[in-house]
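Have a look at the model below and keep it open while you read. We'll go through a few spots one by one.

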Amino acid sequence: MSKRSRGRPTPARYLVQKLDEATELLDKKRPGEALSILKALEHKYPKDDIVLGLLATAYHDLNDWSGYEAALHRLARLQPREADIALGLIGAYAHNLRPALALQQMRDFLRRWPDHAEAAKVQRDLPLFEKAVHEQIEETGLPDEQALELISQLEEQRFHLGAGQYRQARQIGEKALRLWPDFVPVLNNLGQIYAVEGELERAIQVAQHVLEIDSQNLYATSNLARLYFLNGQPEEAQEWARQLKASHAEASDRWNKIAEALTFLGDDAGVLALYEQAKKAGELEPPAVDKIFYHTLAVSALKLGREKDARRFWKKALKLSPGFEWAQENLADLDRPADKRQGAWAYPFENWLLGGLATELAGALEKNRHAGSKQAVQRDISGFLEGHPRLLFLAPHLLARGDERARQFVMRLAATSGYPQLVQLVMDFIGGKQGSMSLRMEAARHLSEADLLPSGSLRMWTEGEWREIMLLNMEISPEPEEAGYSRTVQELAEQAYDALQQREGHQAQELLEKAIAIQPEAPSLLNNLALAYEMQGQSARAHQMLREIHSRFPEYFFGITGVANLAIQEGDLEMARDLLNRLLHRKKLHTSEFAALCMAQMDLSLAEGRRDAARNWLEMFEQADPEHPRLLQYRLRVGKFGRK
């Protein structure tokens, strides 16, 4: 749609390559793939006219008229003398139901390019738009030119609002209100902008003012139901939702606005009921409904277990707008194995209107990051939460109905604050069926790293069944700690270790006894001596020695695992469990210590009949020490190669 301007610098090789790829995809009628490339380029080259021209083409081919309009707007600022761009904007305005802007653009086009090949067609269509705009002008009761300016400002405000350009939308709205202070459509839009900017109370006041002007206004009623809910006032929200469902007021996007409010409130049955109502009214196609309506229907259907209907609704949304990312992401999630599904979400995190609070909270965290203890930081954040109760109110809804970013926000907030109510919510999420297994494990790690969830066994839903999953909050290091041996003892200990590796128990015993004579208070030497006795068939002596080591050195790691293994052999599983659980709280283990812990835990789990738990320990054992000589033995015992 654009031409290279004179004097344009030679584009980078990367840019040329990617533009060629996108152009080829567009030529092959694969605009969705082209769009992915072009959006990445747009981020890197936001003022490149060729990128924007191809981006507009991709949106056009996908029937994404909002994206098409936004790309052309930016392109028109870069190339104001291009007739084709101006002509494209007329079509974009028409598709997006902005007749006043289309009319102004048509008049400007005919004035500037009267001899253009498309000028005659524009001239033929002009009366249709004049008629549509004239009907709106009459409703205002203002002089024609003044009314046209006001309606154009409303349409321009809606464009900026849809594009997320809230500052521009606010400026246009406040300018329009100076012309007509009670212009309800602009007031409704301003209320949404105030809400996005974190001024929920002001947004609620605007909606209430609209209802003073027009007591049946559907937009204001819907906004109040949603805003009261997002402000942590559920009783007020439910009352406005009741009035919303009972309303028969006319509105151009009636079904969308009702569905939006009910979706936030979690009224899935109410959202699905709208489908039958719209069907009965013969309003299941644009402009009465759009992609968002079918998307909310799909989410509610899936929440109620109607997967087939959910797929059908999302596919309809994509038929209306093939590049609609919310539907694409939800459908892709639904196609994953059940254990990897995130779960349906209707609106991304930013639509929950927590941006202002999140920024304020981030500022508080940054301020305290280098000052005070962890407990002081938790105290400050807890105070912040108690001063902003809507965060606590929305947290369970974000976990249940939010996207991945919403859930991660709650998870991190719980871990950072240690606030009991949030920690319990996240614990329930970890132990529930919502969200992917990886996200629930991430939540567990967040709490574990904050010392809010001890290492140990968790009962989690995975692969369609409840299983025990081990959660460990410790560092596994191959670097041994300094033993503190003299040079002579170190040499004897190394020779003894080599003998044990060769299963030369008698030779190892002799070397270890010499070392112990020099350094008798070394539990690792004593532990290896017990192993040397075991190799020689002196089990009773070895077992007695293990108990003595544990008695003399109660914190010695291998002494604990040794006595735990004896307890397992003797059937005292409770004692073994108590001993091994003590080791789960250690923050750092050597690879050999972790291997001993894994083997003891597998022995205990198998003795208790908990084969799933044994498999979990085996998987961690394999990851930590994949070359360990006893791995094959435990794979066979645990049943790694199949269940028979």
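Q157 sits in helix 8, in what is a predicted model. Is Q157 buried or exposed? Its relative accessibility is 0%, and buried means under 20%, so Q157 counts as buried. What does it touch, if we skip residues up to four places away in sequence? The list is A169, I172, G173, V186, N189, L190 and I193. One of these neighbours, A169, also comes up in a polar pairing: a polar atom of the Q157 side chain lies 3.4 Å from the backbone oxygen of A169.

Let's stay with helix 8 for a moment and bring in a partner. Two packed helices are described by the angle between their axes and the distance between the axes. For helix 7 (residues 119-140) and helix 8 (residues 144-162), the axes come within 9 Å and cross at roughly 105°. Angles of 65 to 115 degrees count as roughly perpendicular, and that is therefore the label for helix 7 and helix 8. On the helix 7 side, the residues that meet helix 8 are V133, Q136, I137 and T140. On the helix 8 side, they are D144, A147, L148 and I151. Sort the residues of this contact by type and you get five nonpolar, two polar and one charged.

Next up are two more buried residues, each in its own helix. V184 is found in helix 10 (residues 184-196), and N256 is found in helix 14 (residues 254-264). Here they are with Q157:

| Residue | Relative accessibility | Status |
|---|---|---|
| Q157 | 0% | buried |
| V184 | 13% | buried |
| N256 | 13% | buried |

Leaving aside neighbours within four places in sequence, V184 is in contact with V210, I213 and N217. How far is V184 from Q424, counting from C-alpha to C-alpha? The two atoms are separated by 44 Å, and the residues are 240 apart along the chain.

N256 has its own set of contacts: not counting residues up to four places away in sequence, it touches V289, D290, I292 and F293. With D290 there is a polar contact between the two side chains, at 2.6 Å.

Now for helix 3 (residues 49-61). Does its length come out as expected or not? At 1.5 Å a residue, its 13 residues should span 18 Å, and the end C-alpha atoms are 18 Å apart, so the two values agree. Ten of the 13 residues are buried, which means helix 3 is largely enclosed by the rest of the structure. The buried ones are D49, I50, V51, L52, G53, L54, L55, A56, A58 and Y59. What do they pack against? Their partners are helix 1 (13-27), helix 2 (31-44) and helix 4 (65-78).

Both ends of helix 3 have something to show. At the start, a side-chain oxygen of D48 reaches to within 3.0 Å of the backbone nitrogen of I50. After the helix comes N63, with a positive phi near 60°.

You can repeat the length check on helix 20 (residues 374-387): at 1.5 Å a residue, its 14 residues should span 20 Å, and the end C-alpha atoms are 20 Å apart, so this agrees. Buried residues in helix 20 include A376, V377, Q378, I381, S382, F384 and L385.

Definitions and conventions. Residues are numbered from 1 along each chain as its sequence is written. This is a predicted model: local features need pLDDT of at least 70, side-chain atom pairs count only at pLDDT 80 or more; totals for chains, interfaces and linings use all residues. Side-chain values use heavy atoms; hydrogens and water are left out. Helices (H or I, at least four residues) and strands (E, at least two) are DSSP runs, numbered from the N terminus. The expected span of a helix is 1.5 Å times one less than its number of residues. Buried means under 20% relative accessible area, exposed over 50%, partly exposed in between (1.4 Å probe, protein chains only). Contact means heavy atoms within 4.5 Å. A polar contact is a pair of N or O atoms within 3.5 Å; within protein, one must be able to donate a hydrogen and the other to accept it, and residues adjacent in sequence count only if both atoms are side-chain atoms. Axes are lines fitted to C-alpha atoms, for helices over the stretch in contact, and angles run from 0 to 180 degrees between N-to-C directions. Angles under 35 degrees count as roughly parallel, over 145 as roughly antiparallel, 65 to 115 as roughly perpendicular and the rest as oblique. Ala, Val, Leu, Ile, Met, Phe, Trp, Tyr, Cys and Pro count as nonpolar, Asp, Glu, Lys and Arg as charged, and the others, Gly among them, as polar.
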